[in-house]
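This report concerns the nonpolar core of a protein model and the helices that contribute to it. Please consult the sequence and structure shown here.

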Amino acid sequence: MPDCPVTIPEQEELMGILDKMLGRDDDKDENKAGTVGKPTFNTTSDTPMADFSDVQGTSSSAQVADERTYTVQSGDSLSKIAQREYGNAGDWQRIYEANRGLISNPDLIHPGQVLTIPADR
């Protein structure tokens, strides 16, 4: 891999770029350090800017009742998974439809992929 020198500016420079992108004026008191948790205001309007400083990461996607996941193993196919999960290999399309964002070709699934298995009808 060729060397690709990258210059990373100091933190103050990055914050200045961010302030410019967000339309913040450095001379305004409400935009100075030490105001975490207090609303800040865009200099072009009085609409409060969102403060996400105390947000904690959690999973908010609720699974549909009886929906589960399956990790693809070597030798698996959608029809084999459908046979095992539903008792009918022809139900592979249900699994494919539930995972269209992950599977571009239903004939090509790969070990390690985590598929959503829709609830049995």
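The core is described below, followed by two of its helices.

This is a predicted model, in which local features need pLDDT of at least 70, side-chain atom pairs count only at pLDDT 80 or more, and totals for chains, interfaces and linings use all residues. Residues are numbered from 1 along each chain as its sequence is written, and side-chain values use heavy atoms, with hydrogens and water left out.

The largest nonpolar core (buried Ala, Val, Leu, Ile, Met, Phe, Trp, Tyr and Cys residues joined through side-chain atoms within 4.5 Å) has twelve residues, including Tyr70, Val72, Ile103 and Ile109. Three elements each supply at least two residues of this core. Helices (H or I, at least four residues) and strands (E, at least two) are DSSP runs, numbered from the N terminus.

| Element | Residues |
|---|---|
| α2 | 78–86 |
| α3 | 92–98 |
| β4 | 114–117 |

Helix α2 gives the most to this core, with four residues. Its residues Leu78, Ile81, Ala82 and Tyr86 are buried (under 20% relative accessible area; exposed is over 50%, partly exposed in between; 1.4 Å probe, protein chains only). The buried residues of α2 fall within an arc of 100° seen down its axis, so they line one face of the helix; the arc is that of the directions from the helix axis to the C-beta atoms. These residues pack against β3 (68–71), α3 and β4.

Trp92, found in helix α3, is partly exposed, with a relative accessible area of 28%. Not counting residues up to four places away in sequence, Trp92 touches Leu78, Ser79, Ala82 and Pro106, contact meaning heavy atoms within 4.5 Å.
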